[in-house]
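Please look over the sequence and the structure below before reading on. The briefing that follows is meant for someone meeting this chain for the first time.

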Amino acid sequence: MIILICGASGSGKSSYAEDRLEKFKSVKKFYIATAKIFDSEMLERVKKHQAMRAGKNFITIEKQKNLGEIEIPENSSILIESLTTWLANEIFDSEDSHNVAEKILKDFHLLKEKCENLILVSDDIFSDGIIYDEATEFYRKTLASLMIKIASEADEVIECVAGSAWCYNHEYF
């Protein structure tokens, strides 16, 4: 099963994703943390997420990019937190940022083949109505493209808003 969960900051998407991961019957459940700690604000966010998953028996893997390299046993479930951060890591650490979307999709497919269930969390960064500089707009368009492609392959697409989750089916794609 492939699940894409999206929402704004503070929408409850991470809690919802962890709850879904917990409910899977898989013997091993992996939480792939993509965040790079580069300031005190990010450190606090990471600590919050660590506290949220404490005691849930997830196997945490901290990997910022090249996620397709991760070895995952068959019949496992994976939660990637988050597509948004994973993309940023790949773009800003790449000499060829224009091929990053293809690289992420390749890694996504590698992980999809290795596991029973795959949950991706992604941020909604499209609602503010602001036109940004060229690099930021490239990032936003690339994220949107990735979300569309992953959503088209997903069994469920969930939007979290103010702590509530809404499921969309493929009739809308």
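What follows goes from the overall fold to the central strand, the cores, two chosen residues and the salt bridges.

This is a predicted model, and every value given below was computed from it. The chain holds five helices and seven strands, which, when read along the sequence, follow the pattern β-α-β-α-β-β-α-α-β-α-β-β. Strand E5, made up of residues 117–123, is largely enclosed by the rest of the structure, because seven of its seven residues are buried.

**Overall form**

- For 173 residues, a compact globule would be expected to have a radius of gyration near 16 Å, and the 15 Å found for the chain agrees with that expectation.
- The C-alpha trace spans about 45 × 35 × 30 Å along its principal axes.
- Of the 173 residues in the chain, 45% are buried, while the chain as a whole exposes about 9,500 Å², of which carbon and sulfur atoms supply 52%.
- When contacts between residues at least 6 apart in sequence are considered, 73% of them join residues that are at least 24 apart.

**Strand E5 and its neighbours**

- In a regular strand the side chains alternate between the two faces of the sheet.
- In E5 both faces are covered, since Asn117, Ile119, Val121 and Asp123 are buried on one side, and Leu118, Leu120 and Ser122 are buried on the other.
- Strand E1, residues 2–7, pairs with E5 in the parallel sense over six bridges, and within this pairing Cys6 has Ser122 of E5 as its bridge partner.
- Strand E4, residues 77–81, also pairs with E5 in the parallel sense, here over five bridges, and Leu79 is the residue that stands opposite Ile119 in E5.

**Nonpolar cores**

- The largest nonpolar core has 33 residues, and those with the most contacts inside it are Ile78, Ile80, Leu83, Leu118 and Leu120.
- Two or more residues of this core come from each of E1, strand E2 (29–33), E4, helix H3 (83–92), helix H4 (100–114), E5 and helix H5 (134–153).
- A second core, separate from that one, has 13 residues, among them Ile5, Ala17, Ala33 and Val121.
- Leaving aside residues up to four places away in sequence, Ile78 touches Leu21, Phe30, Ile32, Ile72, Leu111, Cys115, Asn117, Leu118 and Ile119.

**Two buried helix residues**

- Phe108 lies in helix H4 and is buried, with a relative accessible area of 0%.
- Apart from residues up to four places away in sequence, the contacts of Phe108 are Ile2, Trp86, Leu118, Leu120, Ile150 and Glu153.
- Phe108 and Leu120 are twelve residues apart along the chain, and their C-alpha atoms are separated by 9.5 Å.
- Ser14 has its place in helix H1, residues 13–23, and with a relative accessible area of 10% Ser14 counts as buried, because that value is under 20%.
- Again without counting residues up to four places away in sequence, Ser14 touches His49, Met52 and Glu81.

**Salt bridges**

- The structure holds ten salt bridges, and in one of them Lys56 is joined to Glu18, with the closest N and O atoms 2.8 Å apart.
- Lys56 lies in the loop between helix H2 (40–53) and strand E3 (59–62), whereas Glu18 lies in helix H1, so the pair ties together parts that are 38 residues apart in sequence.
- Lys56 and Glu18 are both buried.
- Asp93 forms a salt bridge with Lys36, the closest N and O atoms being 2.5 Å apart, and this pair links distant parts of the chain, with Asp93 in the loop between H3 and H4 and Lys36 in the loop between E2 and H2, 57 residues apart.
- Asp93 is partly exposed, with a relative accessible area of 37%, and Lys36 is likewise partly exposed, with 30%.
- Asp128 forms a salt bridge with Arg140, where the closest N and O atoms are 3.6 Å apart; Asp128 sits in the loop between E5 and H5 and Arg140 in helix H5, twelve residues apart.
- Asp128 is partly exposed, at 39% relative accessible area, whereas Arg140 counts as buried at 12% relative accessibility.
- Glu90, Lys103 and Asp107 are joined into one network by salt bridges that share partners.

Terms used. Residues numbered from 1 in each chain as written. Predicted model: local features only at pLDDT ≥ 70, side-chain atom pairs only at ≥ 80, totals over all residues. Heavy atoms only, no water. Buried < 20%, exposed > 50% of the residue type's maximum accessible area, 1.4 Å probe, protein only. Helix = DSSP H or I, 4+ residues; strand = E, 2+ residues; numbered from the N terminus. Pairing = 2+ DSSP bridges. Core = buried A, V, L, I, M, F, W, Y, C linked by side-chain atoms within 4.5 Å. Contact = heavy atoms within 4.5 Å. Rg over C-alpha atoms; globule rule 2.2 N^0.38 Å. Areas by Shrake-Rupley, 256 points an atom, 1.4 Å probe, with all protein chains shown as cover. Salt bridge = Lys/Arg side-chain N within 4 Å of Asp/Glu carboxyl O.
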